[in-house]
Amino acid sequence: MSLQDDLNAVRRNLDELTRKVEQLEQQAKRKDPASSRTGSAPPDPSRMVTVPDTPYDSSLWTDTDDEGLGARDRRAP
């Protein structure tokens with residue numbers, strides 16, 4: 001197979017991919033036309049959780065293992 005044949009095959013595959021993506025986009029629009037007009041809904045503030053900027057109490061981590069490192073009082077194999 002020559003380089004030109006390879007390039008032609010790539011172009012055909014790219015064209016096919018482009019057609020398939022366009023078909024999927026059209027199908028998605030037909031399935032839910034309301035969502036394409038209004039866009040995504042804003043998040044519901046009642047479901048949001050505030051995460052404090054203050055550091056966690058270090059006693060929360062007493063007697064815990066470091067993930068992936070094993071227990072503190074033992075050596076890795």
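1. A salt bridge is taken here as a side-chain nitrogen of Lys or Arg lying within 4 Å of a carboxyl oxygen of Asp or Glu, and by this rule the structure has 2 salt bridges. The model is a predicted one, in which local features need pLDDT of at least 70 and side-chain atom pairs count only at pLDDT 80 or more, while totals for chains, interfaces and linings use all residues. Residues are numbered from 1 along each chain as its sequence is written, and side-chain values use heavy atoms, with hydrogens and water left out.

2. One salt bridge joins the side chains of Arg19 and Glu16, with an N to O distance of 2.9 Å. Both residues belong to helix H1 (residues 3-31), where they stand 3 residues apart, about one turn of the helix; helices are DSSP runs of H or I with at least four residues, numbered from the N terminus.

3. Glu16 also meets the side chain of Lys20 in a salt bridge, at 3.9 Å from N to O. Glu16 and Lys20 are 4 residues apart in helix H1, again about one turn. Through shared partners, the salt bridges link Glu16, Arg19 and Lys20 into one network.

4. As for accessibility, buried means under 20% relative accessible area, exposed means over 50%, and partly exposed lies in between (1.4 Å probe, protein chains only). Arg19 is partly exposed at 44%, Lys20 is partly exposed at 43%, and Glu16 is likewise partly exposed at 35%.

Technical notes. Helices (H or I, at least four residues) and strands (E, at least two) are DSSP runs, numbered from the N terminus.
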